[in-house]
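I set out to record two matters in this entry: the main pocket and its lining, and backbone angles that call for a second look.

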Amino acid sequence: MHNDFSRRDFLALVGAGLAASTASAQSQSGQRLFAYVGSWTKGPFGTGGGGGLHVFSVDMGTGALTPVSRTTGPEFENFNAGYLAVHPNGRFLYASNEVENYDGRFSGGAMVTFAINPKDGSIAPVGTQPSMGVYPAYVAIDKAGSQVIVANHGNYDPSVRVVKRNGVPELEKVWDDGTVALFPVRADGTLGPASDVAILERTTSVDDYSQQSAHAHSVNFDPSNRIVFACDKGTDRVYTYRVDRTAGQLTAGKTFQTAPGIAPRHSSFHPRLPYVFAINERESSLSSYRYDVNTADVMLVQTIPTLPDGFAGRNSPADVHVHPNGRFVYGSNRGHDSLAIFRIDEATGRMTVVDIVPTQGSTPRGFNFDPSGRYIFAANQGANNIVTFAVDGESGKLTPTGSKVDVPKPVCIHFARL
């Protein structure tokens, strides 16, 4: 991590440019593209080491990633990056530290704000808030850059407490709450304390281990910034909330039951039309929904497999993204180790398979497009690498560019144009 970017420099930058619009900020800061990669180090489902946060410059001619910097020091060597979001002005990075207890400072995970140095894309921590839950798995920011929202997954293992009922002591299992937490973005770009927290329904579903409690795994703002859509893979539900921006509250929450046992995990909105796509972790499928921005109601359109016919191995889908042109949606398969590509019928929201492409690595937990949609970067957590694919915007198909970079246990990648 470059330490020559001081807090004084950071505050000067804030005073000079935060009030500008996103478009103006991006146009004035040039055309360099940087990639921010989060890695697991420790935490749920295995251990890592040497992870944290990594910064790369992006060559838009080849899709190659070149290392710029990485976070260093004891706190960040063990930073278990669950998910990232970049402020629309490109000046701030918000990262969840996906842990059960944040270094003894408070219970649950953490949300850390990093200032992005416009000189070289490197990052410096400038603020921390409790994530208001255990294992914060997903982070999103609204288009205005005024609010950040976080999905707190919770643990799979319960605690045991003793209660007395009619004077008789009994043992009772208690699970962590799955929560959706809303944070205001302060004038200096840091996060204020959570302004509201929605607690997901305390119930169970089909699987006797992974679905004994709510597990919020993602939450996203719709393109209008009027509603948010949350996936609960623990109880097979999706939730919608309205956002009261003045009060900083999540209001008019609605719950929609999915098919039992499918475990909706991540979601991605169509950029122009009223569709949202959710990938299902336990069923190896992708669902499309039509939503009503005025009522926050959702209706299932279609669910389609993410695997080819005849595949009999273990698989667990992870991530989903709609191409910026709105014509295709992509989902990642962990186990089959591939990206499934679907064409979107924009009149109906239905999907048809285009191709299923190996990611040239194992366990593609995360992937993302660069802002132009020219490339996809597949983060292969199990293979410790990120592989670049060129995207054909007309057919949706992918072609490996030959660019590959080593990263320890990458799980998420986002971009800033500086």
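Backbone, first entry. I worked from a predicted model. I began in the loop between strand S22 (285–291) and strand S23 (298–305), where Ala 296 is placed. I noted a positive phi of about 65° for Ala 296, which is not a glycine. I checked this against the general expectation: most residues other than glycine have a negative phi. I then asked whether Ala 296 counts as buried or exposed. Its relative accessibility is 1%; because the cut-off for buried is under 20%, Ala 296 counts as buried.

Backbone, second entry. I looked up Ala 263, which lies in the loop between strand S19 (249–257) and S20. Ala 263 also is not a glycine, and I read a positive phi of about 60° for it. With 1% relative accessibility, Ala 263 counts as buried.

Pocket, first entry. I asked how much space lies in the largest pocket. The value is about 1,300 Å³. I found 38 residues lining this pocket, and those closest to its centre are Val 86, Ile 141, Lys 143, Asn 368 and His 414.

Pocket, second entry. I sorted the lining of the largest pocket by class and obtained 20 nonpolar, 13 polar and five charged residues. I next asked which elements each supply at least two residues of this lining. One helix is listed, H2 (22–28). The strands are S4 (81–86), S10 (136–141), S16 (216–221), S20 (264–269), S24 (316–322), S28 (364–369) and S32 (410–417). I noted that strand S20, listed here for the lining, also bounds the loop that holds Ala 263.

Notes:
Residues are numbered from 1 along each chain as its sequence is written. This is a predicted model: local features need pLDDT of at least 70, side-chain atom pairs count only at pLDDT 80 or more; totals for chains, interfaces and linings use all residues. Side-chain values use heavy atoms; hydrogens and water are left out. On a 1 Å grid over the protein atoms alone, a cavity is a set of points where a 1.4 Å probe fits but cannot get out, and a pocket is an open set with protein on both sides within 12 Å along at least five of seven lines; lining residues have an atom within 4 Å of a point. Grid points are joined across faces, edges and corners, and a volume is the space filled by probe spheres set on the points. Helices (H or I, at least four residues) and strands (E, at least two) are DSSP runs, numbered from the N terminus. Ala, Val, Leu, Ile, Met, Phe, Trp, Tyr, Cys and Pro count as nonpolar, Asp, Glu, Lys and Arg as charged, and the others, Gly among them, as polar. Buried means under 20% relative accessible area, exposed over 50%, partly exposed in between (1.4 Å probe, protein chains only).
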